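Biologist: I'd like a close look at one part of this protein rather than a tour of the whole thing. Could you pick a single residue and walk me through its surroundings?

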Amino acid sequence: MLLQRLTVCSKIPKQTKVCCFFKRSLMQGWAHGTSFAHRSELRQAKRIVVKLGSAVVTRGDECGLALGRLASIVEQVAMLQNQGREMMIVTSGAVAFGKQRLRHEILLSQSVRQALHTGHNQLKDMSLPVLEARACAAAGQSGLMALYEAMFTQYSTCTAQVLVTNLDFHDDQKRQNLNSTLQELLRMNIVPIINTNDAVVPPPEPNSDLQGVNVISIKDNDSLAARLAVEMKADLLIALSDVEGLYNSPPGTDDAKLIDIFYPGDQQSITYGTKSRVGIGGMEAKVKAALWALQGGTSVVIANGTHPKVTGHVITDIVEGKKVGTFFSEIKPAGATVEQQTEMARNSGRTLASLHPDQRSEIICQLAELLTERKDEILAANKMDVELAVTAEHMPPAMLKRLSLSPAKLNSLAIGLRQIAVAAQDSVGRVLRRTRVAHNLELEQITVPIGVLLVIFEARPDCLPQVAALAIASGNALLLKGGKEAANTNRVLHQLTQEALSIHGVTDAVQLVSTREEVEDLCRLDKLIDLIIPRGSSQLVRDIQHAAKGIPVLGHSEGVCHVYVDVDASADKVLNIVRDSKCDYPAACNAMETLLIHRDFLRTPLFDQIIDTLRTERVKIHAGPRFASYLTFSPSEAKSLRTEYGDLECCVEVVDSMHEAVDHIHKYGSSHTDVIITENEDTAEQFLQQVDSACVFWNASSRFADGYRFGLGAEVGISTARIHARGPVGLEGLLTTKWVLRGEGHTAADFSEQGTMKYLHENLPVSLPLASHRDSN
């Protein structure tokens, strides 16, 4: 319809025809729908234009193509094409490819002529003439296309070359023919590869035609890609360049920050730098072209296509909605971005850490009071979440139980928070070590917060006030990402947390991420977040450990906990511990998953009692391979000895000795919690020393691996790591240390070998006033 309407342009004076056409073209863009508002919606993109800038396609020497980089891009485009999407490529590279060919031909020609002229093979220095760009383009177009065709053939994908100039868009008939050709190619599942016909185009002109988003002409591949995207009603335009995206100031400057989402109204806040090493555009031209496409109804992402670590998946990541490059959006959210939230939390967290311990305790006590005073408000929000979960019929009973809050649960939470408030009195600024290095030179090691914590938790709203209280007590800033199943409850609990923080002016120290940020995107904020703590299923923990880039993750991916029944075990203790370890809370990470029984107990009354106890509790038993070999009719054999069932199921296996039990635990366990039941003290001590797990118990249920039961007040999780915190992590695990040196004008020269000052290294008592207390007084 657009092309029919635009036939009237032929009657319009030439000077106004272009402007009128672009205004109508803009209207046509709106007709095919508005752009996507959020990154997550990019998965729905059906028709996609990929623009490859000169810096992406060419090598660093600007002579020849970056073949490896180009091959990975072709692979991604072919994959998306084979998924049923309609892909188009706007490419540079003809000039660089032609320059390579012409240089080779000129050198060869000169060498032959000189050899004939001199009559011998000693060649003089040869200088290359300046190669004209249009000639290079003419020489390179065919080779560039042949290369694309060869690469796409590997994926059974057909391509077609389309060369255009600005004049092709000014002439209605040519434009109509171009549109028809591209539509037909897409219909036949062919990838059009489009480029400006640089062999005939005039030299580039200043950017005077890009001053407004309503007017754009084809003067570089940025404007060509934007023009085609709107003409062809594309859903998404991906512009790949040699920078990560759009920065608020030139990349490389001290204050330059990558802009995740760019809105049309933010143009005045951008300072543009110089153009890339190749190409005739620049970031300013890219932004103006992107905004023109955006207002035409096409979403735009500008990203880096040259980085060796991301080039192989940059296009697919963008289409999957991952946080890559700069996403252009017309809809600006009311709240702060997650980056802004993190900055706010860090700044407020530093103030929190500088408060007197009594002030931090007061905040936590206030939060505990609010949990009981405003329980009706909390329970009403929680009721909404539970009802939505029940209606959806997708939540397992165990998760539904974790989602539900009750007055008793809130009272228990309040008691735990008051315990944390007491512990907060002696946390930040505690002197661990004090040494007099020399006369009037004292060195202290003191506890300090880690920085900014990111805690990701699933449908467990009671986690929010617990973790918030621990973060406040340890002076850490906190970023919370809760499961959507508990969105209403989390919102109310976060409001109460901020209300408590406000009494000392640190409201922003705890932030709740309520935007559409994917967990994987949050894990990439390595410059903003210091520690990630996942609270949820083993799958969640594994996903976060895999996604975290440069950020430590505190947690455990699995809780394959063992209980070993030794030959000297007490029958009463065995039955109580086995029942509690498996049946008290089967979904917990500290629940027993494998029961190891000494071989001498087979076919004894105690063995029968153990099996009867488990069956009475409706526990499904899976036989380990050795246990199954002793039975004529065995239970279902365990598929794996490393399984975390998380339900009323467990594996039973037989071992010959305590040492064999230890070997089994080391081979199949997850270093979480392991238990021995025995009356033999020597055997127990050997087990406790040899088992390399975060928690090792003697004659106690595995369910004791819990922060509350350890007297920590609360825990942020259980860590199976071997550095920093291990086991249930409470307040102490959220602290690190720093060294403070106090002198009186001492210099390094004082300690040279020729110097007279003597190292004392005299250890001093640490019961002197704490550093933080000294500062606050």
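Modeller: What follows is a walk around E593, with a look at the cysteines and then at the largest pocket. Keep in mind that this is a predicted model. E593 sits in strand β16, which covers residues 592-598. With a relative accessibility of 0%, E593 counts as buried, because the cut-off for that is under 20%. So what does its side chain do in there? One partner is K582: the two side chains make a polar contact at 3.1 Å. The E593 side chain also reaches the backbone nitrogen of G646, at 3.3 Å. Setting aside neighbours within four places in sequence, E593 is in contact with a list of residues including G559, V560, P586, T643, Y645 and E649. Cysteines turn up there too, among them C561, C650 and C651.

That brings us to disulfides: the structure has zero of them. Take C583, which is buried at 17% relative accessibility. The closest cysteine sulfur to that of C583 belongs to C650, and at 8.1 Å it is too far for a bond, because a disulfide needs the two sulfurs within 2.5 Å. C136 is buried as well, at 0%.

Now for the largest pocket, with a volume of about 1900 Å³. Its lining takes in 48 residues, and L258, K323, E339, R524 and L525 lie nearest the centre. Helix α20 (538-547) gives the most to that lining, with five residues. By type, the lining splits into 19 nonpolar, 10 polar and 19 charged residues.

Conventions. Residues numbered from 1 in each chain as written. Predicted model: local features only at pLDDT ≥ 70, side-chain atom pairs only at ≥ 80, totals over all residues. Heavy atoms only, no water. Buried < 20%, exposed > 50% of the residue type's maximum accessible area, 1.4 Å probe, protein only. 1 Å grid on protein atoms, 1.4 Å probe; cavity = no way out; pocket = protein on both sides within 12 Å on 5 of 7 lines; lining within 4 Å. Points joined across faces, edges and corners; volume = space filled by probe spheres on them. Helix = DSSP H or I, 4+ residues; strand = E, 2+ residues; numbered from the N terminus. Nonpolar A, V, L, I, M, F, W, Y, C, P; charged D, E, K, R; others polar. Polar contact = N/O pair within 3.5 Å; in protein donor to acceptor, adjacent residues only side chain to side chain. Contact = heavy atoms within 4.5 Å.
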